[in-house]
Amino acid sequence: MKRKSFQHKWSILVYLLLPIIGGGWVGVFTSCDNYLDTLPDNRAELNTEDNIEKMLTYAYTTASFQLITEFMSDNVDDYGANNPNSDRFIEQVFGWQDVTEADNESPERVWEGCYSAIAHANHALEAIDALQEQQGTLSTALRQARAEALMCRAYHHFILVNIFCQHYHPATAATDLGIPYVTRPETVVGQTYERGTVAQVYQLIDQDLQAALPFVGDTYMTVPKYHFNPQAAYAFACRFYLFYEQWEKARQYADLCLGSQPQSLLRDWQYVASLTQQVTAITQHYIDASLNCNLLLMTGYSKMGLAFGPYSVYSRYAHGNYLATQEDGNAVNIWGGPQNKSGINVYYSNMKVYSATNMDKTIFWKLPYLFEFTDAVAGTGYYHTVFPVLTADECLLNRAEALTMLGRYDDAAADLNLWMNNILKASEVNLTLTPDTIQRFYAQTPYSYEVTEADPQGLRGTVKKHLHPAFDIGPEGGLRECMLQCVLGFRRIETLQMGLRWFDVKRYGIEVKRRVMDAAGNPTRQTDLLTATDLRRATQLPLKTRQAGMVPNPR
């Protein structure tokens with residue numbers, strides 16, 4: 001299949017030069033050479049609300065990060081070199097190597113796509129400021145557009161800093177390398193940028209959020225779910241302040257997002273079970289913009305629907321039966337297994353098992369495999385999908401984490417209970433989670449990777465892993481640690497195949513063993529270990545950026 005091509009004749013961040021040209025907007029996939037060959041006075045001006053709102057449609061990247069973060073996480077194992085369904089790019093990603101191979105979902109594409117979105121947001125902000133200076137005031141629509149642009153700028157810097165840098169921690173953030181926080185449209189070709197620090201990036205994201213949140217609205221949006229509408233903005237703020245270790249703020253924004261009836265916002269798994277049980281029907285429903293649970297949707301050129309669908313694509317590195325039955329969806333959990341004692345499935349929508357030559361996958365049907373034909377006769381075009389990048393279900397579990405860190409264990413257990421009894425058939429589980437029941441289960445559950453006589457290499461996985469966050473979670477087996485084990489385990493299931501587990505791996509210093517599976521699908525040997533302090537947790541900057549002079553991540 002043909003892949004969308006990119007040109008690379010840019011210096012360090014020249015691709016931030018993305019003004020309006022000839023009445024049209026330059027997208028993520030447009031070369032800056034076109035701009036350099038165009039006279040400035042050929043540009044259409046951003047001098048109307050309509051033009052500014054159109055500009056903001058480009059302030060959302062279509063270069064998705066989810067594939068690389070999912071394959072860097074502990075949600076995949078290695079099914080052996082004899083499996084031909086791989087390539088050098090995905091091998092580098094899986095091995096936490098510095099990626100040198102070209103791909104539409106490479107770290108380089110993520111970098112460029114995010115900064116392109118930021119550039120469009122900055123152009124919109126500049127135009128709005130100019131209109132305000134001319135008119136002395138702004139309409140409601142422009143105030144909301146300004147808030148949306150700030151949210152987009154904050155979100156894309158957040159993605160960049162959490163992929164290309166070490167995770168934020170107050171004790172080290174002031175010295176850990178950050179990423180350039182760009183707040184103005186680039187006007188000088190070849191302008192260079194300093195990386196700054198993680199602390200500075202987080203401070204600037206915080207500033208943008210606080211400037212935007214009071215004014216976020218959706219009255220001017222045609223399809224609000226593809227923009228930072230108020231609920232999406234609050235959900236992102238919750239996630240950001242959770243990563244920022246500001247637990248009370250995370251809790252407050254989750255409350256604003258979820259309201260007084262959070263159950264009404266969660267994904268309706270019971271309805272999913274009533275649909276035609278075919279992958280296309282389920283995945284198309286999963287990304288439906290009309291669903292209350294989907295707060296922000298973003299499109300992306302991506303093979304995620306293939307890699308984590310019923311296809312052999314990238315099946316050398318897969319979420320197979322072993323992971324499912326030992327560590328997440330089908331593992332023995334606090335509610336039992338995937339079937340109860342009567343043999344009845346407890347999930348409304350079960351994990352799907354695909355076992356064939358060179359394919360061992362156990363997955364939830366989530367992201368659709370979509371294909372955009374550019375030549376229907378030749379059968380060429382582009383892979384893409386739609387990502388629910390912010391959901392009410394994730395926000396609920398984020399609130400449970402914040403409440404746990406605030407010591408409000410009963411409230412956290414209530415949120416965990418709500419999530420569990422939404423994805424599972426409550427009548428078949430018959431369990432009410434409390435801090436006591438949670439602590440009892442996780443305190444007696446063995447940790448993954450424990451070396452025993454039966455497992456001298458320590459390859460066995462369980463639903464529980466040693467946690468090494470920079471913040472205090474109390475002793476292992478203590479109430480707070482057990483509550484967090486529950487949150488992380490539930491969130492791993494909720495976000496499976498969505499690329500978010502990697503951020504929990506980073507935040508909590510979770511060690512990951514790279515295991516090669518044998519012919520029976522069981523771990524046979526270890527090939528690598530990502531330690532709690534491994535420098536590879538910060539993805540290396542793109543080669544062209546380093547060649548242009550930006551300081552690389554240490555290795």
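Start by selecting Asp504 in this predicted model: Asp504 is buried, with a relative accessible area of 5%. Now add Arg507, whose side chain meets that of Asp504 in a salt bridge, 2.9 Å from N to O. Both residues sit in helix H19 (residues 501-507), three residues apart, which is about one turn of the helix. Arg507 counts as buried too, because its relative accessibility is 3%.

While you're looking at charged side chains, pick out Asp74, Asp77, Glu327, Lys465, Arg492, Arg501 and Arg515 together. Salt bridges that share partners tie these residues into one network. Across the structure there are 29 salt bridges.

**Pairs that reach across the chain**

Next, select Lys544 and Glu108. Their side chains meet in a salt bridge at 3.9 Å, N to O. Lys544 belongs to helix H20 (residues 543-547) and Glu108 to helix H5 (residues 107-135), so this pair links distant parts of the chain, 436 residues apart. Turn on a surface and compare the two: Lys544 is partly exposed at 37% relative accessible area, whereas Glu108 counts as buried at 18%.

Then jump to Arg399 and Asp255, where the salt bridge is 2.8 Å from N to O. Here the link runs between helix H14 (residues 392-405), which holds Arg399, and helix H9 (residues 247-258), which holds Asp255; the two residues are 144 apart. Arg399 is buried, with 9% relative accessibility, while Asp255 is partly exposed at 27%.

**A lysine without a salt bridge**

Now go to Lys366, in the loop between strand E7 (359-363) and strand E8 (370-375). Which side chain of opposite charge is nearest to Lys366? That's Glu494, 5.7 Å away, and Lys366 is buried yet has no salt bridge. What you will find is the backbone oxygen of Leu496, 2.8 Å from a polar atom of the Lys366 side chain. Show the surroundings as well: leaving out residues up to four places away in sequence, Lys366 touches Thr283, Tyr286, Ile493, Glu494, Thr495, Leu496, Gln497 and Met498.

**An arginine in a loop**

Move on to Arg316, in the loop between helix H12 (304-307) and strand E5 (317-318). Is Arg316 buried or exposed? With a relative accessibility of 13%, Arg316 counts as buried. Beyond the residues up to four places away in sequence, its contacts include Asp77, Asp78, Tyr79 and Gly80, along with Asn83 and Glu91.

**Strand E10 and its hairpin**

Select residues 512-517, strand E10. Six of the six residues are buried, so the strand is largely enclosed by the rest of the structure. Colour the two faces separately if you like: Val512, Arg514 and Val516 are on one side, with Lys513, Arg515 and Met517 on the other, and both faces are covered.

Add strand E11 (residues 523-530), which runs antiparallel to E10 and is joined to E10 by six bridges. Met517 has Pro523 as its bridge partner in E11. Between the strands of this hairpin lie five residues, and Gly521 takes a positive phi near 85°.

**Zoom out**

Finally, show the whole chain as a cartoon: there are 20 helices and 11 strands to look through. The C-alpha trace spans about 75 × 50 × 50 Å along its principal axes. A compact globule of 555 residues would have a radius of gyration near 24 Å, and the chain agrees with that at 23 Å. Of those 555 residues, 61% count as buried. Among contacts with a separation of 6 or more, 71% come from residues 24 or more positions apart.

Key. Residues numbered from 1 in each chain as written. Predicted model: local features only at pLDDT ≥ 70, side-chain atom pairs only at ≥ 80, totals over all residues. Heavy atoms only, no water. Helix = DSSP H or I, 4+ residues; strand = E, 2+ residues; numbered from the N terminus. Buried < 20%, exposed > 50% of the residue type's maximum accessible area, 1.4 Å probe, protein only. Contact = heavy atoms within 4.5 Å. Pairing = 2+ DSSP bridges. Lys, Arg positive; Asp, Glu negative; His and termini not counted. Salt bridge = Lys/Arg side-chain N within 4 Å of Asp/Glu carboxyl O. Polar contact = N/O pair within 3.5 Å; in protein donor to acceptor, adjacent residues only side chain to side chain. Rg over C-alpha atoms; globule rule 2.2 N^0.38 Å.
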